[in-house]
Amino acid sequence: MQLAYTARVGWDVAVIGAGHNGLVAAALLARAGRRVVVLERRDRVGGACVTEERWPGYRVSRAAYVAGLVRPVVSKELDLARHGLRFLRRSPSSFTPLPDGRGLLLGGSEAETHASIAAFSRSDADRYPRYEAMLDRFARWIEPSLDAPAPDPGRLHARDLALLGRLGVGALRLGRELPRALALLLGPARPELERWFESEPLRATLATDAVIGAWAPPSAPGTGYVLFHHVMGETGGARGVWAYVEGGMGRFSEAIASAAREAGVEIRLESEVARIDVDGGAARGVTLSDGTSIEARCVVSGADPKRTFVDWVGPGALPETFAREVAGLDFRSGSVKVNLALDRLPRFRGSTQDGVAPEHHGTIHVGATTLDDLERAFQEAQAGRLPERPIVELTLPTALDASLAPSGHHIASLFVQWGPCDASAEAWDTLRDPLADRACALIDDVAPGFSDSVIHREVLAPPDLERIFGLTGGNLFHGAMTPDRLLSMRPIPGWARYATPIQDLYLCGAGTHPGGGVMGACGRNAAREILRQSR
């Protein structure tokens, strides 16, 4: 596809959605000399990566709530630190409290982590550093693939050879570990964790990363990759370390928007797209819901494939086979986000420290203390019921960033799963509060009085995540990250290079390679591919 950029009629590029990937793509395209406009339906930038004042004085990371997958090259190229981005490293990174007062604390010093695991299993404590070293080796092998389009085996380009060469060299370095790496990437997480460890609290804590945001239990194929995906990030050069963004997750999006505006991007808020205008098999711009026409030589969608192709292009403009593939994509989700304002920090059983303690810093895992607990919660949701013991990830960003709440008060974020993915929006009207109540009751079991500390609450079920943030089915990844939807098969086999069957229409959201999470890689890769094709 050859794009001409000489005439000044309309825009060179119209980006749909001011989510973080759309903003990254817009900034890089503008820095390459393109005239870029970003069209955002909401009154703020960020998509699902936003900070909002939900109650006076309480600023909440309303959807995405923690950072750890942001590609270092994105931060460097856009100089996001200069635009106000600051990560607050969480150490320790994880805490799993038990009702009997014991707790598993991971991610502090090596000695502290060893001692905490050894309280449950000495052999697990000895093996844990080797497990982390294994994941680090696997990550170093796969990592180059995150920052480039996935090579398409059916249409290899010369530029793919360097990446394939690096991956090949990495595979050779793994040697006899390569089959184990492939088993983890393609298979279920549960047998891998059972092979390594005997302590159920440790197994369950690690398995949460394999199912977070996914509609699958840890015994399902593909959860090994989701586990790996969530430990592949880094903060400040430290592998697997997650962080809060100072000022909330919206500060990340705002830093990218600042870099984009500096490069000349125009960002139009409250500009809802009604359709992508296609003429002669090519995108010619978009029409907004108020009837405004935006002409552009190239359209880049940060939305998911369903919203892009079904809602805005229309199946009639697509090749029949491609339209069927889009219709078959899996957007199921049973994830619920609960945002809370607290009048005090929770105090966990067995704690002797007042105020902010190490266990408040990271992700607090509640509800599932065994692998069977995770399996049971999924089975109950799959059967259309609320789990008796849902999986809860509790984070307390105000433990590290007091600016988010009034003095002495705190923000809590609960990521809860699973709810029934087939429940209608009407059914969720009777499910939201009971699920949030169960999640808070589980926290009460390990931190007595937690529910009494809640002074404000917001519960966002999948229909709410779709309505507010435009996530089809409430799916945070813009579609399932199963083995058949990764690399050159994401979102659809044959269309992994961000281009689409509609000429001059591209995707740049999490539905493309390398997938979901606050990374910026999808937007960067898409921009680079657009620039290559338009030379």
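# Exercises on a predicted model

In helix H16, the buried residues are Pro462, Pro463, Asp464, Leu465, Ile468 and Phe469. The structure used throughout these exercises is a predicted model.

**Exercise 1. State how many residues of helix H16 (residues 462–469) are buried, find which elements cover them, and describe the residue just after the helix.**

Step 1. Counting along the helix, 6 of the 8 residues of H16 are buried, where a residue counts as buried under 20% relative accessible area, and the helix is accordingly described as mostly covered.

Step 2. Looking next at what lies over these buried residues, one finds among the covering elements strand E3 (51–55), E15, helix H14 (425–428), H15 and E19.

Step 3. Leaving the helix, one meets Gly470 just after H16, and this glycine takes a positive phi of about 75°.

**Exercise 2. Work out the strand order of the open sheet of 7 strands, and identify its edge strands and the helices that pack on it.**

Step 1. The strands of this open sheet follow the order E7-E6-E16-E17-E18-E15-E19, and their pairing is mixed.

Step 2. Strand E7 (103–106) and strand E19 (454–460) are the edge strands, since each of them pairs on one side only, and from one strand to the next the twist averages 20°.

Step 3. Helix H8 (residues 200–211) packs on the sheet, where it touches strand E6 (94–97), E7, strand E16 (363–366), E17 and E18, and its direction makes about 55° with that of E7.

Step 4. Helix H15 (residues 432–446) also packs on the sheet, touching E6, strand E15 (336–342), E16, E17, E18 and E19, with a direction that makes about 130° with that of E19.

**Exercise 3. Follow the pairing from E6 through E16 and E17 to E18, giving the sense of each pair and a residue that stands opposite another.**

Step 1. E6 and E16 pair in the parallel sense over 2 bridges, and here Ser94 stands opposite Thr363 in E16.

Step 2. E16 and E17 run antiparallel and are joined by 3 bridges, with Ile364 opposite Leu394 in E17.

Step 3. Strand E17 (residues 391–395) and strand E18 (residues 410–417) pair in the antiparallel sense over 5 bridges, and Glu393 stands opposite Phe415 in E18.

Step 4. Returning to E16 for its side chains, Thr363 and His365 point one way while Ile364 and Val366 point the other way, and all of these residues are buried.

**Exercise 4. Classify the packing of helix H4 (residues 122–142) against helix H5 (residues 160–174), and then against helix H9 (residues 223–231).**

Step 1. Two packed helices are described by the angle between their axes and the distance between the axes.

Step 2. H4 and H5 pack at an angle of about 160°, with their axes 8 Å apart; angles over 145 degrees count as roughly antiparallel, and H4 and H5 are therefore roughly antiparallel to each other.

Step 3. Arg137, Phe138, Trp141 and Ile142 of H4 make this contact with Leu167, Gly170, Ala171 and Leu174 of H5, and the residues of the contact divide into 6 nonpolar, 1 polar and 1 charged.

Step 4. H4 and H9 pack at an angle of about 90°, with their axes 10 Å apart; angles of 65 to 115 degrees count as roughly perpendicular, and H4 and H9 are therefore roughly perpendicular to each other.

Step 5. This contact involves Tyr131, Leu135, Phe138, Ala139 and Ile142 of H4 together with Leu227, Phe228 and Val231 of H9, and its residues divide into 8 nonpolar, no polar and no charged.

Methods:
Residues are numbered from 1 along each chain as its sequence is written. This is a predicted model: local features need pLDDT of at least 70, side-chain atom pairs count only at pLDDT 80 or more; totals for chains, interfaces and linings use all residues. Side-chain values use heavy atoms; hydrogens and water are left out. Two strands pair if DSSP finds at least two bridges between them. Helices (H or I, at least four residues) and strands (E, at least two) are DSSP runs, numbered from the N terminus. Axes are lines fitted to C-alpha atoms, for helices over the stretch in contact, and angles run from 0 to 180 degrees between N-to-C directions. Contact means heavy atoms within 4.5 Å. Angles under 35 degrees count as roughly parallel, over 145 as roughly antiparallel, 65 to 115 as roughly perpendicular and the rest as oblique. Ala, Val, Leu, Ile, Met, Phe, Trp, Tyr, Cys and Pro count as nonpolar, Asp, Glu, Lys and Arg as charged, and the others, Gly among them, as polar. Buried means under 20% relative accessible area, exposed over 50%, partly exposed in between (1.4 Å probe, protein chains only).
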